[in-house]
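This report looks at the open and enclosed spaces of one protein model, and then at the packing around them. The structure is shown first, and the account of the spaces and packing follows.

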Amino acid sequence: MTTMGQIGLRERKKLKTRHALIDAGLDLFLAQGYEHTTIEQIAAAVEVSPRTFFRYFAGKDDLALYHMADLEIAVTEELESRPAGESPGTALINTFRAVTRNLTASGQADKERYMKTRRLLDATPALLSTAVGRAAGLESRLAGLVARRQGAEGPPDRRACLVVAFVTAAARVGFECPGAHKDLAAHEDLAALVARVDETLTLAERSFRPGWDTLDGI
């Protein structure tokens, strides 16, 4: 029992340090610019050494895009758990709906971190480019999952890739297109963002003809 308690305390301390580094990094990135913020400054703000920083993150990109790793796991796990009877497109749309809705169940600190990250991406084209690259990797993995759900063997073909591309594009539009005024994103809360993604997925769903995602029909 004592050993379990010690392990629990150690893990809580590590999580606290991780969150402190994320908070310090995001605040510094937004205040003085991503390119002008150093790892040394982030570590100093938390009163740890740069060596400690690298125990938690591979670099600035890893910290700034910390949420993507969590979302990638959530999306793949949700897709794997979708009912077998759902068509590929429906399973993907319901996957992104579930994952984005779960964001609103996060604690207030996590919600604020996520919205800071969204503002950072809007303000940092180079970082957004990195995020797009990671998203492409996720799409490739999702295409493989979609193909396997349909009983296909081997690498996914272009049909599975197209279904994934259509749905992820709809989700991306929901995340990245706030409306006519570009500065709306700075004042938007997470609930409004999630609602917009949900509405965009519904709009995409209504735009597709019946059977559009049938992998054996193209």
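## The largest pocket

In this predicted model, the largest pocket has a volume of about 340 Å³. Its lining is made up of 18 residues, and those nearest the pocket centre are Tyr66, Asp70, Leu103, Ser106 and Asp110.

At least two lining residues come from each of α1 (2–32), α5, α6 and α7, and α5 gives the most to the lining of this pocket, with 5 residues. Sorted by class, the lining of the largest pocket holds 9 nonpolar, 4 polar and 5 charged residues.

## The enclosed cavity

The structure also holds 1 cavity of 30 Å³ or more, and the volume of the largest cavity is about 460 Å³. Among the 24 residues lining this cavity, Met68, Leu71, Phe96, Ala135 and Phe175 are the closest to its centre.

Two or more residues of the cavity lining are given by each of α5, α6, α7, α8 and α9, with α8 giving the most, 7 residues. By class, this lining consists of 16 nonpolar, 3 polar and 5 charged residues.

## The nonpolar cores

The largest nonpolar core has 30 residues, of which Leu92, Leu142 and Leu201 touch the most other members. The elements that give two or more residues to this core are α5 (66–81), α6 (88–103), α7 (108–123), α8 (125–149), α9 (158–176) and α11 (190–207), and α9 gives the most, with 7 residues.

When residues up to four places away in sequence are not counted, Leu92 touches Leu79, Leu142, Val146, Val163, Val164 and Val167. Apart from the largest core lies another, of 20 residues, which includes Phe29, Ile42, Phe57 and Leu63.

## Helix α11 and its packing

Helix α11 has 18 residues, and the distance from its first C-alpha to its last is 26 Å, close to the 26 Å expected at 1.5 Å a residue. The buried residues of this helix are Leu190, Leu193, Val194, Arg196, Val197, Asp198, Thr200, Leu201, Thr202 and Ala204, so that charged Arg196 and Asp198 are listed as buried alongside nonpolar residues such as Leu193 and Val197.

Against which elements do the buried residues of α11 pack? They pack against α6, α7 and α9. Leu201, one of the buried residues of α11, is also one of the three residues that touch the most other members of the largest nonpolar core.

Note on methods. Residues are numbered from 1 along each chain as its sequence is written. This is a predicted model: local features need pLDDT of at least 70, side-chain atom pairs count only at pLDDT 80 or more; totals for chains, interfaces and linings use all residues. Side-chain values use heavy atoms; hydrogens and water are left out. A nonpolar core is a set of buried Ala, Val, Leu, Ile, Met, Phe, Trp, Tyr and Cys residues joined through side-chain atoms within 4.5 Å. Buried means under 20% relative accessible area, exposed over 50%, partly exposed in between (1.4 Å probe, protein chains only). Helices (H or I, at least four residues) and strands (E, at least two) are DSSP runs, numbered from the N terminus. Contact means heavy atoms within 4.5 Å. On a 1 Å grid over the protein atoms alone, a cavity is a set of points where a 1.4 Å probe fits but cannot get out, and a pocket is an open set with protein on both sides within 12 Å along at least five of seven lines; lining residues have an atom within 4 Å of a point. Grid points are joined across faces, edges and corners, and a volume is the space filled by probe spheres set on the points. The expected span of a helix is 1.5 Å times one less than its number of residues.
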